Amino acid sequence: MIAIAGAFYRELEMRYDTTFWHPIPLAAIFPTAQEAGIWQLRLKDPEIAPLLEQGPSSDQGLEQLPQPYGHGVIKRCGWLDVQAFQRMHRERWSASGDLLERHVSKSDITAIPGGVRIGEHSAPFVVYCEGPFSQITGLVPVRGEGLTVRIQGLRLGCAVHRGVFTLPIGYDVYKVGSTFAWDNVWSGPTPEAFRYLTDRLERAVERPFEVLDHWAGVRPASRDRRPILGRIGAHEAVFNGLGSRGVLLAPWSAQHLCDQLFSNTAVDPEVDPKRFS
Ligand SMILES: Cc1cc2nc3c(=O)[nH]c(=O)nc-3n(C[C@H](O)[C@H](O)[C@H](O)COP(=O)(O)OP(=O)(O)OC[C@H]3O[C@@H](n4cnc5c(N)ncnc54)[C@H](O)[C@@H]3O)c2cc1C
């Protein structure tokens, strides 16, 4: 997926003449000697070895972190500045009149010959991209929380994973996350997650930090952690189940759904909504 996603965001950067896709290596700090041993086995696995590196990578910030058992490096990683990306998309599609932002109820959707109508707009299909608000079978909403922090002078040039990920986004600011909770998913930020994240970060960086923000969201996960993509009626389709990897999965998933709807290609059974019925 990383090759497909990276190419997709790169192409959009060129179209919008801006930057929102940031390739960056990820250092996985081993919490135990056993984890370090497992990494050695992964380096021999032909499917994932091309993505990995033995470590250590030469990064000034990484060298300052405690790592008694060392680290491994995942070479092909990247992060998307989702807000910048959405801003550009919004401007483009709103300007052309193709994006209207409003709540759509079931009763707003009318079946017409060969398609559907919502207000004065008609189309061959309605695609439900409702995220965790959907009631579709197989969907499991999962709350996640994270922090935005300032760590003066650490100057990490790579993302780091040790219990939680720490991602440098510039100017000594880092995203730290995230948690997974299956109960009370609409609670918003919780003190338990705050304690968990600050505790993990303290252990990972062993230096003072300032919490700038504590955020929460709900992931639209599926029971088998695969997307849910495809037709659910003659003129209805679903695009959901992106779980904790929307950025990575969305480009492939959107193409796969378009191929089904407009070129009549077969749905990949791993993502077929019917697998849950
Ligand atoms: C804490 C946290 C950390 C995460 N970290 C990562 C990460 O590092 N990498 C990654 O790739 N992903 C991450 N994710 C997951 C990512 O956010 C999701 O995979 C992604 O948002 C799913 O996209 P979506 O469009 O399917 O659903 P959503 O982003 O939930 O969007 C659904 C939209 O549909 C709208 N909607 C629903 N019903 C209606 C209706 N009837 N009418 C009009 N609008 C409607 C909602 O308002 C919403 O805007 C994280 C999520 C959380 C919570």
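Where does Val185 lie? Select this residue to begin the tour. Val185 is found in the loop that connects strand 13 (173-177) with helix 5 (191-205). The structure on the screen is a predicted model.

**Stop 1: Val185 and its surroundings**

Keep Val185 selected and display the residues around it. Apart from neighbours within four places in sequence, Val185 is in contact with Pro141, Val142, Arg143 and Val218. Is Val185 buried, exposed or partly exposed? Because 17 C-beta neighbours lie inside 10 Å, Val185 counts as partly exposed. Next, add Leu26 to the selection. Val185 and Leu26 are separated by 159 residues in sequence, and in space by 29 Å from C-alpha to C-alpha.

**Stop 2: the whole chain**

Clear the selection and show the protein chain as a cartoon. Its secondary structure comprises 6 helices and 16 strands. Taken along the principal axes, a box of roughly 65 × 40 × 40 Å holds the C-alpha atoms. The protein chain has 277 residues, of which 21% count as buried. When contacts between residues at least 6 apart in sequence are considered, 68% of them join residues at least 24 apart.

**Stop 3: the domains**

Colour the chain by domain. Into which domains is the protein chain divided? The division gives domain 1 (2-80), domain 2 (108-138 + 225-269) and domain 3 (139-222). Now select domain 1 together with domain 2. Their centres, taken over C-alpha atoms, are 32 Å apart. In the contact between these two domains, 5 residues come from domain 1 and 4 residues from domain 2. Select helix 1 (residues 2-16), which gives the most to the side of domain 1 that touches domain 2, with 4 residues. By class, the residues on that side of domain 1 are 5 nonpolar, no polar and no charged.

**Stop 4: the sheet of strands 6, 7 and 8**

Select strands 6, 7 and 8. These 3 strands make up an open sheet in the order 6-7-8, with antiparallel pairing. Why is one side of strand 6 (109-112) and of strand 8 (121-123) left without a neighbour in the sheet? Both strands stand at the edges and each has a single partner strand, so one side of each has no neighbour there. Ignoring direction, neighbouring strands of this sheet are turned against each other by 25° on average.

Narrow the selection to strand 7 (residues 115-118) and strand 8. The two run antiparallel and are joined by 3 bridges. Within this pair, Ile118 stands opposite His121 of strand 8.

**Stop 5: the sheet of strands 9, 16 and 15**

Move to strands 9, 15 and 16. Here 3 strands form an open sheet in the order 9-16-15, and the pairing is mixed. Strand 9 (126-128) and strand 15 are at the edges with a single partner strand each, so each has one side without a neighbour in the sheet. From one strand to the next, the twist averages 25°.

The two pairings can be inspected in turn. Strand 9 pairs with strand 16 in the parallel sense over 3 bridges. Show Tyr128, whose bridge partner in strand 16 is Val238. Add helix 6, which packs on the sheet and touches strand 15 and strand 16. The direction of helix 6 makes about 25° with that of strand 15.

For the other pairing, select strand 15 (residues 228-233) and strand 16 (residues 236-240), which run antiparallel and are joined by 5 bridges. Strand 15 and strand 16 form a hairpin, with 2 residues between them. Look for Arg231, which stands opposite Ala237 in strand 16.

**Stop 6: the ligand**

Finally, select the ligand and show the residues around it. How many residues surround the ligand? There are 24, and the closest are Gly131, Gly144, Gly217, Gly246 and Val247. Strand 10 (139-150), strand 14 (210-222) and helix 6 (246-263) each contribute at least two residues to the shell. The largest share comes from strand 14, with 4 residues. Sorted by class, the shell around the ligand contains 9 nonpolar, 11 polar and 4 charged residues. Return to the domain colouring to see the origin of the shell: domain 2 (108-138 + 225-269) and domain 3 (139-222) each supply at least three of its residues.

Definitions and conventions: Residues are numbered from 1 along each chain as its sequence is written. This is a predicted model: local features need pLDDT of at least 70, side-chain atom pairs count only at pLDDT 80 or more; totals for chains, interfaces and linings use all residues. Two strands pair if DSSP finds at least two bridges between them. Axes are lines fitted to C-alpha atoms, for helices over the stretch in contact, and angles run from 0 to 180 degrees between N-to-C directions. A residue is buried if 20 or more other C-beta atoms lie within 10 Å of its own, exposed if 12 or fewer, and partly exposed in between; C-beta atoms are placed from the backbone. Two residues are in contact if their C-beta atoms, placed from the backbone, lie within 7 Å. A residue is near a molecule or strand if its C-beta atom, placed from the backbone, lies within 6 Å of it. Ala, Val, Leu, Ile, Met, Phe, Trp, Tyr, Cys and Pro count as nonpolar, Asp, Glu, Lys and Arg as charged, and the others, Gly among them, as polar. Domain bounds come from an automatic or database domain assignment.
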